[in-house]
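Student: I have a new structure to read, and I would like some help. Could you walk me through its features one at a time?

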Amino acid sequence: MNERGAAAAAADTAANAYVLRLGDDALVAGHRLAETEGSGLWPAAHDGETEAARIARGQLRLARSLLGSAARMEEQLTGVLRTEDDLIMGRGADQFLNLRLLELPNTDLAHAVVRQLLFSAYALELYTALTASADSALAAIARTAVRELPFHRDHAVRWTLRLGSGDDDRRRLDAALSEAWPYTGELFLSDEVSRSAAEAGIGTDPALLRPAWEAAVEGVLRDARVARPDPVPPVGPVEMCGRGGVHAEAFDRTLADIRRDRAPEGQ
């Protein structure tokens, strides 16, 4: 293989990894939110649980689309045919590339809402940018996603404001935000995969998403009378993050639950 061919192969490999990590994000996000259904976290007098279940199903549909696309890209690279279900069932925990933020447990309603707020604000900016992806399949997936993602964000915003209206619930929001905030730096981590995908026009530079994300999140926290923690923290090398396959010990259990439920099929 000549130098040009090697460079093209490296770019294709990075593009495959980029789409795979997006699929893992949607899979874990959808599963975590689906866990809140029937959990008793949502007040019975409101429609939060029904809406959360709808959002979870949307995330799992997105995961299926992205993982299916990643499987087809992998087949073009390796000649090995795998389905989206194969990618869920056949990889070890250290081969999942999702953000660590999405693994945080549903300790209480405030923790679930904060996680959803931080991620949905990011996802809306990300998929809006990906509608212009040079990869036609990814662009089509993004165009479908951006029709649903404003609802995901707005649901999180409404519940953040609702919880912020009471002193006890606001203290729970503060605690949940303090726990989740250290993981937000990974949202904007630039590594070889994201840089290669951005250079090829397939992905976007994560750092470009940060200003709009910060403005959106800060506005909601201000309206909820919740103090934003320190600036988004820096993160270490990707090899020490979820993007590098490093997860909390509890992720093995989460992955087992995902596989048990065959979550992407629950549409």
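Tutor: We will go through confidence, cavities, a pocket and a few single residues.

Student: Where do we start?

Tutor: With the ground rules. This is a predicted model, in which local features need pLDDT of at least 70 and side-chain atom pairs count only at pLDDT 80 or more, while totals for chains, interfaces and linings use all residues. Residues are numbered from 1 along each chain as its sequence is written, and side-chain values use heavy atoms, with hydrogens and water left out.

Student: What is the mean pLDDT of the protein?

Tutor: In general, pLDDT is the predictor's confidence in each residue, from 0 to 100. Here the mean is 93, and 95% of the residues reach 70 or more. Among the elements, H4 has the highest mean, 98, and H1 the lowest, 88. Over residues 263–267 pLDDT stays under 50.

Student: What do labels such as H1 and H4 stand for?

Tutor: They are DSSP runs, numbered from the N terminus: helices are H or I runs of at least four residues, and strands are E runs of at least two. In this model, H1 covers 3–34 and H4 covers 109–130.

Student: How many cavities of 30 Å³ or more are there?

Tutor: First the idea. On a 1 Å grid over the protein atoms alone, a cavity is a set of points where a 1.4 Å probe fits but cannot get out; a pocket is an open set with protein on both sides within 12 Å along at least five of seven lines; and lining residues have an atom within 4 Å of a point. Points are joined across faces, edges and corners, and a volume is the space filled by probe spheres set on the points. By this rule there are three cavities of 30 Å³ or more. The largest holds about 90 Å³. Its lining has 13 residues, of which Tyr18, Arg21, Tyr122, Pro206 and Arg243 lie nearest the centre. H1 gives the most to this lining, with three residues.

Student: How do the residues of that lining divide by class?

Tutor: Ala, Val, Leu, Ile, Met, Phe, Trp, Tyr, Cys and Pro count as nonpolar, Asp, Glu, Lys and Arg as charged, and the others, Gly among them, as polar. The lining of the largest cavity has eight nonpolar, two polar and three charged residues.

Student: Which residues line the second largest cavity?

Tutor: That cavity, of about 40 Å³, is lined by Leu104, Pro105, His111, Val114, Arg115, Ala176, Glu179 and Ala180. H4 and helix H6 (167–180) each give two or more residues to this lining.

Student: What is the volume of the largest pocket?

Tutor: The largest pocket has a volume of about 180 Å³. Helix H2 (48–78) gives the most to its lining, with five residues. Among the lining residues are Asp12, Arg72, Asp135 and Ile202. By class, the lining has five nonpolar, two polar and three charged residues.

Student: Now for single residues. Is asparagine 106 buried or exposed?

Tutor: Buried means under 20% relative accessible area, exposed over 50%, and partly exposed in between (1.4 Å probe, protein chains only). Asparagine 106 has 18%, so the residue counts as buried. Its place is the loop between helix H3 (84–89) and H4.

Student: With which side chain does the side chain of asparagine 106 make a polar contact?

Tutor: A polar contact is a pair of N or O atoms within 3.5 Å; within protein, one must be able to donate a hydrogen and the other to accept it, and residues adjacent in sequence count only if both atoms are side-chain atoms. The partner side chain is that of arginine 115, at 2.8 Å. A polar atom of the asparagine 106 side chain also lies 3.0 Å from the backbone oxygen of arginine 32.

Student: Where is arginine 32, and what does its side chain join?

Tutor: Arginine 32 is in helix H1 and is buried, at 7% relative accessibility. Its side chain has a polar contact of 3.1 Å with the side chain of threonine 254. Contact means heavy atoms within 4.5 Å; beyond four places in sequence, arginine 32 has contacts that include Leu102, Glu103 and Arg115.

Student: What about arginine 225?

Tutor: Arginine 225 has a phi near 60°, a positive value in a residue other than glycine. This arginine lies in the loop between helix H8 (210–223) and helix H9 (251–261), and at 55% relative accessibility it is exposed.
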